[in-house]
Amino acid sequence: MMKQVKQAPKGFVHALTLNGTGGMQKLNWQEALNCDSSVALWLHFDYSDEQSQQWIKKHSGLNETAIDALLTDDSRPHVLSQNDQLSLSLRGVNLNPGSDPEDMVSLRLWTDGKRLISTRKRRLLSTVDLVRNLEEGRGPKDMPSLLIDWIERIVRRMSDTVDNLEDDLLAIEDKLFSTEPRLIRASLLQLRMQSIGIRRYIAPQREALNRLIAESLSWFDELNGLRLRSIAERQIRHIEDIDAVRERASMTKEELSSSISEQMNQRSYVLTIVAAIFLPLGFFTGLMGINVGGMPGVEYSPAFWIVVTMCLGITGVLMGLFYWKKWF
């Protein structure tokens, strides 16, 4: 039973009731507190607000486990049920402008099939879509359907993010042999970090959905269970796609490293060939430059050009030898 508190917490986002036909009615704070217990009521809060935390702790009428699930700051996806009541924590892709998709947005909720209390810190676009559909009269008709629709929208919005990861990886793969490898290393690193960050949360979310399917709740009928199984299968496909992206990114990184190593080897090879050609020439010209008496050709004016011709001849012979050995 919710206790009366005259002033709404600063973190109070909205209160609405479902009308049973796909629509809803928005309530102010006092109307929400005085709402009949038989009406499907949804209260939504910002859990980072101190006033919201105090109301949930002292006046919501929830047990300690449900309160901890709603207010914990760092929560991995999980499911807890007790006495036909459900506590659920999920993560959605952060699609807010200027945000990174791997910076997942958390959603925490408690429901007994009639009343639903949810908390968040940052706006989740899936929540915005759900409220918009209710305003247009195209939303869920009861609280279990609202829960399923909400989960479905969270999972569905992951599809675009996963597709973008695959498209970005494909673009990197296309540039691998046509662009300087060092120029695409940053893009590849960012893609790998995004895929790892997203999978970190949606992998345990798969387990949470599977556990939710297995929970025995009187207000959760077979049709809702079938819809939830379909959503869980979609979540599994997202995980498999992200795993495929990670494996392809690892292969691309290995190919990129091999390409860079091959370029370095080719350059070292060319420098080695050049050094091998000029080594005997350096010895010969050094020998001819000894400043001692008796050097042949000192008094002979064409001697310099003879030495140049001999150097060119030695260079030609060495290059011919390298070509015959197939060293270049």
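**Exercise 1. Find out whether Phe45 is buried or exposed, and which ring it pairs with.**

Step 1. Start with the cover around Phe45: its relative accessible area is 0%, so Phe45 is buried. Here buried means under 20% relative accessible area, exposed means over 50%, and partly exposed lies in between (1.4 Å probe, protein chains only).

Step 2. Look for ring partners. Rings of Phe, Tyr and Trp (its six-membered ring) pair if their centres lie within 6.5 Å; planes under 30 degrees apart count as stacked, over 60 as edge-to-face and the rest as tilted. The structure holds seven aromatic pairs. One of them joins Trp29 and Phe45, which sit edge-to-face at 6.1 Å centre to centre, with 85° between the planes.

Step 3. Place both residues in the fold. Trp29 lies in helix α1 (residues 29–33) and Phe45 in strand β3 (residues 41–46), so the pair ties together parts that are 16 residues apart in sequence. Helices (H or I, at least four residues) and strands (E, at least two) are DSSP runs, numbered from the N terminus.

Step 4. Check the partner too: Trp29 is buried, at 5% relative accessible area. To finish, widen the view, and you will see Phe12, Trp29, Phe45 and Trp55 forming one aromatic cluster.

A word on the model before you go on: it is predicted, so local features need pLDDT of at least 70 and side-chain atom pairs count only at pLDDT 80 or more, while totals for chains, interfaces and linings use all residues. Residues are numbered from 1 along each chain as its sequence is written, and side-chain values use heavy atoms, with hydrogens and water left out.

**Exercise 2. Work out which residues have the most contacts inside the largest nonpolar core, and which elements give two or more residues to it.**

Step 1. Fix the rule: a nonpolar core is a set of buried Ala, Val, Leu, Ile, Met, Phe, Trp, Tyr and Cys residues joined through side-chain atoms within 4.5 Å.

Step 2. Apply the rule. The largest core has 55 residues, and those with the most contacts inside it are Trp42, Leu146, Trp150 and Ile151.

Step 3. Trace where the residues come from. Two or more residues are given by each of β1 (12–18), β5 (85–92), β6 (105–111), α4 (125–135), α5 (143–175), α6 (181–214) and α7. The largest share, 13 residues, comes from α5.

**Exercise 3. Find which salt bridge partners Lys26, Asp149 and Glu173 have.**

Step 1. A salt bridge is a side-chain nitrogen of Lys or Arg within 4 Å of a carboxyl oxygen of Asp or Glu. By this rule the count comes to 12.

Step 2. Lys26 bridges to Glu135, with the closest N and O atoms 3.3 Å apart. This pair links distant parts of the chain, with Lys26 in strand β2 (residues 24–27) and Glu135 in helix α4, 109 residues apart. Lys26 is partly exposed at 48% relative accessible area, and Glu135 is partly exposed at 49%.

Step 3. Asp149 bridges to Arg227, the closest N and O atoms being 2.4 Å apart. Asp149 lies in helix α5 and Arg227 in helix α7, so the pair ties together parts 78 residues apart in sequence. Asp149 is buried, with a relative accessible area of 15%, whereas Arg227 counts as partly exposed at 27%. Follow the charges outward, and Asp149, Glu152, Arg156 and Arg227 turn out to be linked in a network of salt bridges.

Step 4. Glu173 meets Arg248 in a salt bridge (2.8 Å, N to O). Glu173 is in helix α5 and Arg248 in helix α7, 75 residues apart. Glu173 is partly exposed at 23% relative accessible area, and Arg248 is partly exposed at 29%.

**Exercise 4. Identify which residues make the nonpolar surface patch of about 370 Å².**

Step 1. Patches are made of residues with over 30% relative accessible area and no salt bridge: like charges are joined within 9 Å, nonpolar side chains (Val, Leu, Ile, Met, Phe, Trp, Tyr) within 5 Å. Accessible areas come from the Shrake-Rupley method with a 1.4 Å probe; for residues, only the protein chains shown count as cover.

Step 2. The members are Tyr269, Val270, Val274 and Phe278.

Step 3. Take Val274 as your example. Val274 lies in helix α7 (residues 222–288) and is partly exposed, with a relative accessible area of 39%.
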